[in-house]
Amino acid sequence: MKAMTATLSQIFRNTDTSSEHEESDEEIDPEKLCANLLKKSTDLSNENKVQNEKLTFMQTERDEAMIKLQESSNKTKQLEEEISWLLIKINSLE
(Lines give C-alpha, C1' and ligand atoms only; values in the text may rest on other atoms or scores of the structure.)
Protein backbone atom coordinates (compact mmCIF):
# COMPACT_ATOMS: atom_id res chain seq x y z
CA MET A 1 0.00 0.00 0.00
CA LYS A 2 2.86 2.38 0.85
CA ALA A 3 4.57 1.66 -2.47
CA MET A 4 1.36 2.34 -4.39
CA THR A 5 0.76 5.52 -2.40
CA ALA A 6 4.31 6.67 -3.04
CA THR A 7 4.01 5.93 -6.75
CA LEU A 8 0.69 7.72 -7.08
CA SER A 9 2.03 10.57 -5.01
CA GLN A 10 4.98 10.92 -7.38
CA ILE A 11 2.65 10.86 -10.39
CA PHE A 12 0.52 13.63 -8.90
CA ARG A 13 3.61 15.65 -8.02
CA ASN A 14 4.70 15.44 -11.66
CA THR A 15 1.30 16.21 -13.18
CA ASP A 16 -0.48 18.37 -10.63
CA THR A 17 0.35 22.07 -10.93
CA SER A 18 -1.09 22.99 -7.55
CA SER A 19 1.24 23.24 -4.59
CA GLU A 20 -0.92 20.82 -2.63
CA HIS A 21 1.32 17.80 -3.33
CA GLU A 22 4.61 19.62 -3.86
CA GLU A 23 5.23 20.83 -0.33
CA SER A 24 7.02 17.85 1.19
CA ASP A 25 7.59 14.12 1.14
CA GLU A 26 5.27 13.57 4.10
CA GLU A 27 2.84 10.65 4.10
CA ILE A 28 -0.09 11.27 1.79
CA ASP A 29 -3.58 10.12 2.66
CA PRO A 30 -4.48 7.19 0.35
CA GLU A 31 -8.16 8.16 0.38
CA LYS A 32 -7.29 11.68 -0.74
CA LEU A 33 -4.98 10.26 -3.37
CA CYS A 34 -7.71 7.94 -4.67
CA ALA A 35 -10.19 10.80 -4.68
CA ASN A 36 -7.75 12.88 -6.74
CA LEU A 37 -7.23 9.95 -9.09
CA LEU A 38 -10.98 9.51 -9.49
CA LYS A 39 -11.40 13.24 -10.19
CA LYS A 40 -8.65 13.20 -12.81
CA SER A 41 -10.16 10.09 -14.38
CA THR A 42 -13.60 11.72 -14.48
CA ASP A 43 -12.13 14.90 -15.97
CA LEU A 44 -10.36 12.87 -18.67
CA SER A 45 -13.53 10.94 -19.39
CA ASN A 46 -15.47 14.18 -19.81
CA GLU A 47 -12.76 15.60 -22.06
CA ASN A 48 -12.85 12.40 -24.10
CA LYS A 49 -16.62 12.79 -24.57
CA VAL A 50 -16.15 16.39 -25.74
CA GLN A 51 -13.42 15.33 -28.18
CA ASN A 52 -15.60 12.48 -29.51
CA GLU A 53 -18.46 14.94 -30.10
CA LYS A 54 -16.08 17.26 -31.97
CA LEU A 55 -14.81 14.33 -34.02
CA THR A 56 -18.35 13.26 -34.91
CA PHE A 57 -19.19 16.83 -35.95
CA MET A 58 -16.07 17.09 -38.09
CA GLN A 59 -16.78 13.73 -39.75
CA THR A 60 -20.32 14.90 -40.56
CA GLU A 61 -18.94 18.13 -42.01
CA ARG A 62 -16.42 16.14 -44.07
CA ASP A 63 -19.12 13.82 -45.39
CA GLU A 64 -21.31 16.78 -46.38
CA ALA A 65 -18.35 18.42 -48.12
CA MET A 66 -17.59 15.19 -50.01
CA ILE A 67 -21.22 15.02 -51.19
CA LYS A 68 -21.04 18.64 -52.41
CA LEU A 69 -17.74 17.90 -54.15
CA GLN A 70 -19.26 14.90 -55.92
CA GLU A 71 -22.29 16.95 -56.96
CA SER A 72 -20.00 19.70 -58.31
CA SER A 73 -17.95 17.14 -60.19
CA ASN A 74 -21.08 15.68 -61.77
CA LYS A 75 -22.35 19.13 -62.71
CA THR A 76 -18.96 20.00 -64.24
CA LYS A 77 -19.02 16.81 -66.29
CA GLN A 78 -22.54 17.61 -67.52
CA LEU A 79 -21.52 21.14 -68.49
CA GLU A 80 -18.43 19.84 -70.33
CA GLU A 81 -20.63 17.43 -72.28
CA GLU A 82 -23.07 20.23 -73.09
CA ILE A 83 -20.21 22.48 -74.26
CA SER A 84 -18.88 19.68 -76.41
CA TRP A 85 -22.32 19.11 -77.94
CA LEU A 86 -22.73 22.86 -78.58
CA LEU A 87 -19.31 23.05 -80.26
CA ILE A 88 -20.31 20.18 -82.53
CA LYS A 89 -23.58 21.96 -83.28
CA ILE A 90 -21.70 25.24 -84.05
CA ASN A 91 -19.28 23.40 -86.36
CA SER A 92 -22.16 21.75 -88.22
CA LEU A 93 -23.94 25.08 -88.63
CA GLU A 94 -20.83 26.78 -90.02
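## Exercises on a predicted two-helix chain

D63 and R62 are joined by a salt bridge in which the closest N and O atoms are 3.0 Å apart. The exercises below concern a predicted model, and they begin with this pair.

**Exercise 1.** Determine whether D63 and R62, the partners in this salt bridge, are buried, partly exposed or exposed.

*Solution.* The first step is to recall that buried means under 20% relative accessible area and exposed means over 50%, with partly exposed in between. The next step is to take D63, whose relative accessibility is 38%, so that D63 counts as partly exposed. The last step is to take R62, which at 49% relative accessibility likewise counts as partly exposed.

**Exercise 2.** State how many salt bridges the model contains, and describe the one that K39 forms.

*Solution.* The count comes to 2 salt bridges. K39 pairs with D43, and the closest N and O atoms of this pair lie 3.0 Å apart. To place the pair along the chain, note that K39 and D43 are 4 residues apart in helix α2 and are therefore separated by about one helical turn. As for the surroundings of the acidic partner, D43 has a relative accessible area of 41% and is therefore partly exposed.

**Exercise 3.** Locate I28 in the chain, and decide whether I28 is buried or exposed.

*Solution.* Begin with the secondary structure: the protein chain has 2 helices and 0 strands, and I28 is placed in the loop between α1 (2-15) and α2. Then turn to accessibility, where the cut-off for buried is under 20% relative accessible area; because I28 has 12% relative accessibility, I28 counts as buried. Finally, consider a residue distant in sequence: I28 and T5 are 23 residues apart along the chain, while their C-alpha atoms are separated by 7.2 Å. For the chain overall, buried residues make up 11% of the 94 residues.

**Exercise 4.** Describe the surface of the protein chain, and identify the residues that make its nonpolar patch of about 280 Å².

*Solution.* Start from the total, since the patch is part of the surface that the chain exposes: the protein chain exposes about 8300 Å², of which carbon and sulfur atoms supply 57%. The nonpolar patch of about 280 Å² is made by I83, L87 and I90. To place one of these residues, I83 is found in helix α2, which covers residues 30-93.

Terms used. Residues are numbered from 1 along each chain as its sequence is written. This is a predicted model: local features need pLDDT of at least 70, side-chain atom pairs count only at pLDDT 80 or more; totals for chains, interfaces and linings use all residues. Side-chain values use heavy atoms; hydrogens and water are left out. Buried means under 20% relative accessible area, exposed over 50%, partly exposed in between (1.4 Å probe, protein chains only). Accessible areas come from the Shrake-Rupley method with a 1.4 Å probe; for residues, only the protein chains shown count as cover. Patches are made of residues with over 30% relative accessible area and no salt bridge: like charges are joined within 9 Å, nonpolar side chains (Val, Leu, Ile, Met, Phe, Trp, Tyr) within 5 Å. A salt bridge is a side-chain nitrogen of Lys or Arg within 4 Å of a carboxyl oxygen of Asp or Glu.
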